[in-house]
Amino acid sequence: MTCLEIVCPCGVDVISSVFDVLNQYQVSLEAIESNQAGYLYVTISKVEFSDLTQMLGTLRRNEQIYDARTVDVVPSELERRELQLLLNQISYPVILIDRNGSILQTNQAVSYVCQCLMSELIGQPLADWVKGFSITRWLGRDNGRPEVTEVYLGGRAYRAYVEPLVDNLALSHLPSALMSFRPDSQFIPDLDLASIRDSFAPFGLIAHDPEYIQIIEQIKEIASLPRSLLIYGEVGTGKRFCAQLLNHFRGHSVGQMTVISGPINDEALDEQLLDLAASRPEMVLVYQVENFTSEQIFRIIAQMHFVAQVVYTSLLSPEELIEQHGEVSFYSAVGQVIRLPPLRERPEDGVQLAQAWLNEHFISRGVQSPILSRSVQQFIKKCQWPGNITQLLQVLRDTIAHTGLRAWTTKDIRYGSQSANPESTISGLLDKDYHQAMADFEKLLLSYYYPQFPSTRALAKKLGLSHTAVAKKLKEHKIT
């Protein structure tokens, strides 16, 4: 496409003359617009440089035209680009629509929620993506006044704020309305996390997996009961976060939760227990309880009679804690148990955590964040993440440092092979017999390379094996 700027005080009166020149050089007209300042902007099909030079000369010889030249972009496109930059700085979804209910423009948040490119949304009927809103009904009722309504975007519930922009049929090419979508909760129905977003969560709570949502609801119930709780799970699954969430549901801020962290010597523990007796906090977090001795746990239990809620966290399961400290210590301390699932058991949450962190990271710096492509999303879902959320965020930081702001591919993700499979480590392999060690190493190798290749044939080529052999081994190791 080529854009022409024609300076003509008489404005649209010169359009017929311009059409004649375009026909003379057999150039197709793609678009035309004008403004009150005496400028006419014409978008034409691509034309050879020699023909373009002659055509501009012909236009300039017209008495009604003061000047004619090429420009990089017409004003409407420039305004659209500027608007796009502004929209992309908004973290929540925004859609501009016309009177016919077609999508004119969106921001990156919509692309993320709908899991598609913005270009795939433009021109599409709003009804294909937003359920629960009819622009025909909206325009017919009070002629499209501001409205707040419950809708679904990308299968998720939002409160949509609809604002009219244009009330003139002659301006139908402009957006008729702006829709902004605000979740009442961060992807979880009936769970308002707005008040705790800034207090302790770097980008709010992300929970799409049904099991994890059930855990959050369970924490809400426990918050109303004077019951001790054990939260256990692997490194980086969010144990401390859930303890803070429990504290919030009890109506307290982060600063009102006292933390005792092991390992600790007896003297230091006694000082902390004396401070607890003096301050009498509502909630105490005993962090990584497996690092305390059995005697220390009994001393902690003895001092918890005045505390409304005691939360223990551990990397070990209840069975492992009983083996380490004994049943008496365990059941004296713990009233209820919650296991936090690792990321590999809730792969959808891994993708949403990654995109949410990227949005927060880049928007806070005034920069447009990259949208994770389908291939990258699949890569994240298939990674084992032995370090869970902690490892995921570190991988994102490393990838940003390595790639910058361009669109990411699976090869850009800085996911180390040494962590591809938490069940197989070099030290662990050395403790096994030859056949089991070889089988585990084979699984480790396949788990690492499989997400990086678009097909099993490409993976087979990388490993120097036949496609049939690779497909068989993937099935054998249950790698999908």
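Modeller: Buried means under 20% relative accessible area, exposed means over 50%, and partly exposed is in between, with a 1.4 Å probe and protein chains only. This is a predicted model, in which local features need pLDDT of at least 70 and side-chain atom pairs count only at pLDDT 80 or more. Residues are numbered from 1 along each chain, and side-chain values use heavy atoms.

Colleague: Why is Phe 181 called buried?

Modeller: Its relative accessible area is 0%, and the cut-off is under 20%, so Phe 181 is buried.

Colleague: What makes Tyr 158 and Phe 181 an aromatic pair, and why edge-to-face?

Modeller: Rings of Phe, Tyr and Trp (its six-membered ring) pair if their centres lie within 6.5 Å; planes under 30 degrees apart are stacked, over 60 edge-to-face, and the rest tilted. For Tyr 158 and Phe 181 the centres are 6.2 Å apart and the planes at 80 degrees, so both conditions are met. Tyr 158 lies in strand β9 and Phe 181 in strand β10 (strands are DSSP runs of E, at least two residues, numbered from the N terminus). The pair therefore ties together parts that are 23 residues apart in sequence.

Colleague: Why is the pair of Phe 330 and Tyr 331 edge-to-face?

Modeller: The ring centres are 5.0 Å apart and the planes stand at 85 degrees, so the pair is edge-to-face.

Colleague: Which is Tyr 331, buried or exposed?

Modeller: Tyr 331 has 54% relative accessibility and counts as exposed, whereas Phe 330, at 8%, counts as buried.

Colleague: How do you know that Arg 346 sits over the ring of Tyr 212?

Modeller: A charge sits over a ring if NZ of Lys or CZ of Arg is within 6 Å of the ring centre and within 35 degrees of the ring normal. The charged end of Arg 346 is 3.9 Å from the centre of the Tyr 212 ring and sits over that ring.

Terms used:
Helices (H or I, at least four residues) and strands (E, at least two) are DSSP runs, numbered from the N terminus.
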